[in-house]
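Biologist: Could you take a close look at one helix for me and show how it sits in the rest of the fold? I would enjoy a walk through it at your own pace.

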Amino acid sequence: MCIRDRYRLGDYIVINLSSPNTPGLRDNLKSQNFEKIVTNIHRLRDENNSKIPILFKISPDISDQDKKDISLISLANDVDGLILTNTTINKSMVNEKLEGGVSGRPLFLKSNELIRDFYTLTSGKIKIIGVGGVDSGISAYKKFLAGADYVQLYTGMVYKGPGIVKEIKKDLISILKKENLKNVSEAVGINA
């Protein structure tokens with residue numbers, strides 16, 4: 001398994017259970033499957049005497065019951081973090097007929113909703129990385145307000161290039177000053 005060979009090479013490992021392009025993969029987000037994966041991955045990490053954080057990437061296309069189950073399993077198994085969210089297969093938010101999933105700006109509100117739900121369901125005890133539509137300081141800040149501890153971007157970087165990171169940092173500094181906050185962690189979950 002990849003985790004045995006690669007756990008020393010990164011700062012963290014992501015188990016992506018949400019890709020819409022892999023048939024049947026999202027079935028692993030159902031409670032029994034998810035719990036089995038979490039316990040087996042944690043066992044492998046322990047067998048390798050590793051302390052590397054393991055994060056699980058969650059689909060935006062899950063039910064309220066799935067959210068509750070994933071939250072309870074994550075808390076019971078000391079999951080290091082959840083990446084919320086990957087690409088959605090719900091294309092009602094765009095007018096085009098697209099192959100594959102929808103990501104970026106169209107996913108922003110749905111992603112924030114899931115972040116808020118998971119932050120509340122886990123009482124903020126599980127680290128959350130917010131993904132989906134992060135393309136500015138204000139979009140990153142809204143992820144923090146919803147309950148994200150960190151943000152991840154991809155589509156924003158595709159459209160704006162690597163300089164977007166510097167732009168987001170600059171915007172966040174201005175927002176934090178305006179809101180009279182010392183750092184981003186003070187904003188986490190304010191709107192959850």
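To set the scene, what share of the contacts in the protein with a separation of 6 or more comes from residues 24 or more positions apart? After that, please turn to H4: which of its residues are buried, and what do they pack against?

Modeller: Happy to. Please keep in mind that this is a predicted model. Residues 24 or more positions apart account for 68% of the contacts with a separation of 6 or more. The protein has 7 helices and 5 strands, and from the N terminus on they run α-β-α-β-α-β-α-β-α-β-α-α. Of its 192 residues, 45% are buried.

Now to your helix. H4 covers residues 108-121, 14 residues in total. From first C-alpha to last it reaches 20 Å, close to the 20 Å expected at 1.5 Å a residue. Its buried residues are Phe108, Ser111, Asn112, Leu114, Ile115 and Phe118. These lie on the same side of H4, because they cover an arc of only 160° around the axis. The spacing has a simple background: an α-helix has 3.6 residues a turn, so residues three or four places apart point the same way. Just after the helix, Ser123 takes a positive phi of about 55°.

What does that buried side meet? The buried residues of H4 pack against three strands and two helices: E2 (54-58), E3 (81-84) and E4 (127-131), along with H3 (64-76) and H5 (137-146).

One of these residues, Phe118, also belongs to the largest nonpolar core, which has 24 residues. Together with Ile15, Phe34, Phe56, Ile58 and Leu82, Phe118 touches the most other members. E1 (13-16), H2 (31-47), E2, H3, E3 and H4 each supply at least two residues of this core, and H2 gives the most, with 4 residues. Phe56 makes a good example: beyond its neighbours within four places in sequence, its contacts include Ile15, Phe34, Leu82 and Ile83. A second, separate core of 13 residues includes Ala140, Leu145, Ile164 and Ala187.

Finally, the strands. E3 and E4, both packing partners of H4, pair in the parallel sense over 4 bridges, with Ile83 opposite Ile129 in E4. E4 is mostly covered, as 4 of its 5 residues are buried. E4 also runs parallel to E5 (residues 150-152), joined by 3 bridges, and there Gly130 has Val151 as its bridge partner.

Terms used
Residues are numbered from 1 along each chain as its sequence is written. This is a predicted model: local features need pLDDT of at least 70, side-chain atom pairs count only at pLDDT 80 or more; totals for chains, interfaces and linings use all residues. Side-chain values use heavy atoms; hydrogens and water are left out. The expected span of a helix is 1.5 Å times one less than its number of residues. Buried means under 20% relative accessible area, exposed over 50%, partly exposed in between (1.4 Å probe, protein chains only). The arc is that of the directions from the helix axis to the C-beta atoms. Contact means heavy atoms within 4.5 Å. A nonpolar core is a set of buried Ala, Val, Leu, Ile, Met, Phe, Trp, Tyr and Cys residues joined through side-chain atoms within 4.5 Å. Two strands pair if DSSP finds at least two bridges between them.
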